[in-house]
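Visitor: I should like a close look at a single helix and at what surrounds it. Please take me through that part step by step.

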Amino acid sequence: GFRHYMVTDCEFNSSKLNDIEFTLSYYYNKLEYIRFSSSVGKFVGYTEYGIKNAERWNNGPEVIARRGEKERYCFRNVGIDVEADLTKS
């Protein structure tokens with residue numbers, strides 16, 4: 001069978017909130033075909049199918065909705081993640 005899945009990630013190396021990067025990646029059969037990155041601010045396609053969708057999504061409401069995900073998803077969890085990491089180190 002085929003597998004289609006999404007991975008949401010917040011990457012940060014410092015305690016500054018501006019350094020956090022939110023990414024949303026779409027995969028099909030272990031191949032990433034499109035990604036939204038908050039540092040780029042738009043979708044980027046990696047396959048022919050991903051490029052077509054990135055062009056369409058960047059001109060629609062999808063990209064506007066994703067731009068707020070860094071604040072909604074990452075900022076909410078950064079305090080919890082940092083605290084958990086500091087207690088383990």
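The answer below begins with the helix and then turns to its surroundings.

Guide: The model is a predicted one, and the part chosen here is helix H1, which spans residues 48–58.

Which residues of H1 are buried? They are Gly50, Asn53, Ala54 and Trp57. These four lie on the same side of H1, because the arc they cover around the axis is only 105°. The other side of the helix carries Glu48, Lys52, Glu55 and Arg56, which are exposed.

Two of these exposed residues are joined to each other. Lys52 and Glu48 make a salt bridge, with 3.7 Å between the closest N and O atoms. Both belong to H1 and stand 4 residues apart, about one turn of the helix.

At residue 58 H1 comes to its end, and the residue there is Asn58. Asn58 has a relative accessible area of 23%, so it counts as partly exposed; the limit for a buried residue is under 20%. Apart from neighbours within four places in sequence, Asn58 has contacts with Lys42, Phe43 and Val63. Asn58 is also 9.7 Å from Phe36, C-alpha to C-alpha, although 22 residues separate the two in sequence.

What covers the buried residues of H1? The cover includes three strands, E2 (21–28), E3 (31–37) and E4 (42–45), together with helix H2 (61–67). H1 lies across E2, E3 and E4, and its direction makes an angle of about 165° with E4.

The strands under discussion belong to an open sheet of 4 strands, arranged in the order E1-E2-E3-E4 with antiparallel pairing. Its edge strands are E1 (4–11) and E4, each of which pairs on one side only. From one strand to the next the twist averages 20°. Strands of a sheet in general pair through backbone hydrogen bonds, in either a parallel or an antiparallel sense.

At one end of the sheet, E1 and E2 run antiparallel and are joined by 8 bridges. In this pair, Met6 stands opposite Tyr26 of E2. At the other end, E3 and E4 are paired in the antiparallel sense over 4 bridges, and Arg35 stands opposite Val44 of E4. E3 and E4 also form a hairpin, with 4 residues between the strands. In that turn, Gly41 has a positive phi of about 85°.

Arg35 deserves a further word. Its side chain meets that of Glu32 in a salt bridge, at 2.8 Å from N to O. Which partner is buried and which is partly exposed? Arg35 counts as partly exposed because its relative accessibility is 28%, whereas Glu32 is buried, with a relative accessible area of 15%.

Arg35 is also in contact with Thr23, a residue of strand E2. Beyond its neighbours within four places in sequence, Thr23 touches Val7, Thr8, Asp9, Arg35, Phe36 and Ser37. With a relative accessibility of 8%, Thr23 counts as buried.

The largest nonpolar core brings the helix and the strands together. This core has 13 residues, and those with the most contacts inside it are Phe22, Leu24, Tyr26, Ile34, Phe36, Phe43 and Trp57. E2, E3, H1 and helix H3 (69–88) each supply at least two residues of this core. Trp57, one of the buried residues of H1, is thus also among the core residues with the most contacts. In soluble globular proteins, nonpolar side chains tend to be buried together.

Phe22 illustrates how the core is surrounded. Residues up to four places away being left out, Phe22 touches Thr8, Asp9, Cys10, Phe36, Ser37, Ser38, Arg66, Glu69, Lys70, Tyr73 and Cys74.

Glu69, one of these contacts of Phe22, forms a salt bridge with Arg72, the closest N and O atoms being 2.7 Å apart. The two residues are 3 residues apart in H3 and are therefore separated by about one helical turn. Glu69 counts as buried, at 13% relative accessibility, and Arg72 is partly exposed, with a relative accessible area of 45%. How many salt bridges does the whole structure hold? A search finds 3.

Technical notes:
Residues are numbered from 1 along each chain as its sequence is written. This is a predicted model: local features need pLDDT of at least 70, side-chain atom pairs count only at pLDDT 80 or more; totals for chains, interfaces and linings use all residues. Side-chain values use heavy atoms; hydrogens and water are left out. Buried means under 20% relative accessible area, exposed over 50%, partly exposed in between (1.4 Å probe, protein chains only). Contact means heavy atoms within 4.5 Å. The arc is that of the directions from the helix axis to the C-beta atoms. A nonpolar core is a set of buried Ala, Val, Leu, Ile, Met, Phe, Trp, Tyr and Cys residues joined through side-chain atoms within 4.5 Å. A salt bridge is a side-chain nitrogen of Lys or Arg within 4 Å of a carboxyl oxygen of Asp or Glu. Two strands pair if DSSP finds at least two bridges between them. Axes are lines fitted to C-alpha atoms, for helices over the stretch in contact, and angles run from 0 to 180 degrees between N-to-C directions.
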